[in-house]
Amino acid sequence: MGDGRRAGGSRSPVVSVLVPDPADVPAGASPGSAGTAFGVALTSAFPSVARQVLVADGAADPRAVRRAVAASDVLVVAIPAGFPGSRRAGTRLLDAAGPLTGRAVFAVVTGGWPNSVDRAPAWLEAELRRRGACCLAPALHLTADGAAGLAAITAYCTHWRPLVPSLVGLARRESVPTAG
């Protein structure tokens with residue numbers, strides 16, 4: 001089955017990392033590698049043979065981005081901050097992703113120090129929740145690349161990793177449609 005189901009109906013964990021269209025961000029500002037490192041670190045407790053980490057950028061066909069979202073147990077949305085079009089890039093990415101209901105979502109914001117230190121993560125968290133995501137963890141704002149960035153990712157994911165299975169279960173329960 002294409003949705004990661006194993007025999008017996010259980011699912012292997014699928015993580016999709018969503019990053020903006022490279023055309024929407026300044027050269028060299030793509031958060032793809034940070035988002036991928038985050039996705040791998042967050043799910044490193046799962047056996048590597050069962051873990052899938054997909055990367056979908058906003059330049060892809062919107063159907064491909066939506067398929068990645070639909071196949072995912074966990075989403076990592078990674079956006080750069082600190083440039084004039086950062087919100088537009090994030091909005092276009094989330095528009096391509098479609099509804100986020102039923103997904104445990106983690107947010108990573110790169111760059112933008114010090115001007116965007118509070119605004120960019122707060123905006124992204126609010127936007128994810130508005131679109132139906134189960135987003136209980138605060139956004140990780142990476143202000144450094146290289147070893148310092150990886151250390152921040154490792155520390156954050158060490159804290160949140162044990163909760164991922166529970167967050168996935170909570171997100172699935174929240175995705176039950178309500179009458180209305």
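Colleague: Let's start with two helices. Is the crossing of H3 and H4 left-handed or right-handed?

Modeller: Keep in mind that this is a predicted model. The axes of H3 (residues 86-97) and H4 (residues 119-130) come within 11 Å of each other. As for the hand of the crossing between H3 and H4, it is right-handed.

Colleague: And are H3 and H4 roughly parallel or roughly antiparallel?

Modeller: Look at the angle: the two axes cross at roughly 20 degrees. Angles under 35 degrees go in one class. So H3 and H4 count as roughly parallel.

Colleague: Let's zoom out a bit. In what order do the elements of the chain run from the N terminus on?

Modeller: There are six helices and five strands to place. Read from the N terminus, the order is β-α-β-α-β-α-β-α-β-α-α.

Colleague: Which strand does E4 join through seven bridges?

Modeller: E4 covers residues 104-110. One pair to look for is valine 105 in E4 with its bridge partner, leucine 75. Those seven bridges run between parallel strands, and the partner strand, residues 74-80, is E3.

Colleague: Through which helix does the chain cross from E3 to E4, and what is the hand of that crossover?

Modeller: This is a β-α-β crossover, and the helix on the way is H3. Its hand is right-handed.

Colleague: E4 has another neighbour too. Which residue in E5 stands opposite threonine 110?

Modeller: E5 spans residues 140-142, and three bridges pair this strand with E4 in the parallel sense. Follow threonine 110 across to E5 and you land on leucine 142.

Colleague: How many residues of E4 are buried?

Modeller: Try both faces of the strand. Ala104, Phe106, Val108 and Thr110 point one way, Val105, Ala107 and Val109 point the other way, and all are buried. E4 is mostly covered, then, and the count is seven of seven.

Colleague: What about E1: which residue in E3 stands opposite valine 17?

Modeller: E1 and E3 pair in the parallel sense, with four bridges between them. Valine 17 is one of the E1 residues that point the same way as Val15 and Val19. Its opposite number in E3 is valine 76.

Colleague: Why is E1 described as largely enclosed by the rest of the structure?

Modeller: Take its two faces again. Val14, Ser16 and Leu18 point one way, Val15, Val17 and Val19 the other, and all are buried. E1 (residues 14-19) is largely enclosed because the number of its residues that are buried is six of six.

Colleague: How many disulfides does a search of the whole structure find?

Modeller: A disulfide is a covalent bond between the sulfur atoms of two cysteines. Take cysteine 135: the closest cysteine sulfur is in cysteine 134, 7.9 Å away, which is too far for a bond. Over the whole structure, the search comes back with zero.

Colleague: Is cysteine 135 buried or exposed?

Modeller: Buried means under 20% relative accessible area. Cysteine 135 has 2%, so this residue is buried.

Colleague: One more. How far apart in space are phenylalanine 38 and tyrosine 156, C-alpha to C-alpha?

Modeller: Start from phenylalanine 38, which sits in H1 (residues 32-42). This phenylalanine counts as buried, with 0% relative accessibility. Along the sequence, phenylalanine 38 and tyrosine 156 are 118 residues apart, yet in space the distance is 8.9 Å.

Conventions:
Residues are numbered from 1 along each chain as its sequence is written. This is a predicted model: local features need pLDDT of at least 70, side-chain atom pairs count only at pLDDT 80 or more; totals for chains, interfaces and linings use all residues. Side-chain values use heavy atoms; hydrogens and water are left out. A disulfide is a pair of cysteine sulfur atoms within 2.5 Å. Buried means under 20% relative accessible area, exposed over 50%, partly exposed in between (1.4 Å probe, protein chains only). Two strands pair if DSSP finds at least two bridges between them. A crossover is right-handed if, with the strands pointing away from the viewer, the path from the first strand over the helix to the second runs clockwise. Axes are lines fitted to C-alpha atoms, for helices over the stretch in contact, and angles run from 0 to 180 degrees between N-to-C directions. Angles under 35 degrees count as roughly parallel, over 145 as roughly antiparallel, 65 to 115 as roughly perpendicular and the rest as oblique. A crossing is left-handed if the near helix is turned anticlockwise from the far one by less than a right angle, and right-handed if clockwise.
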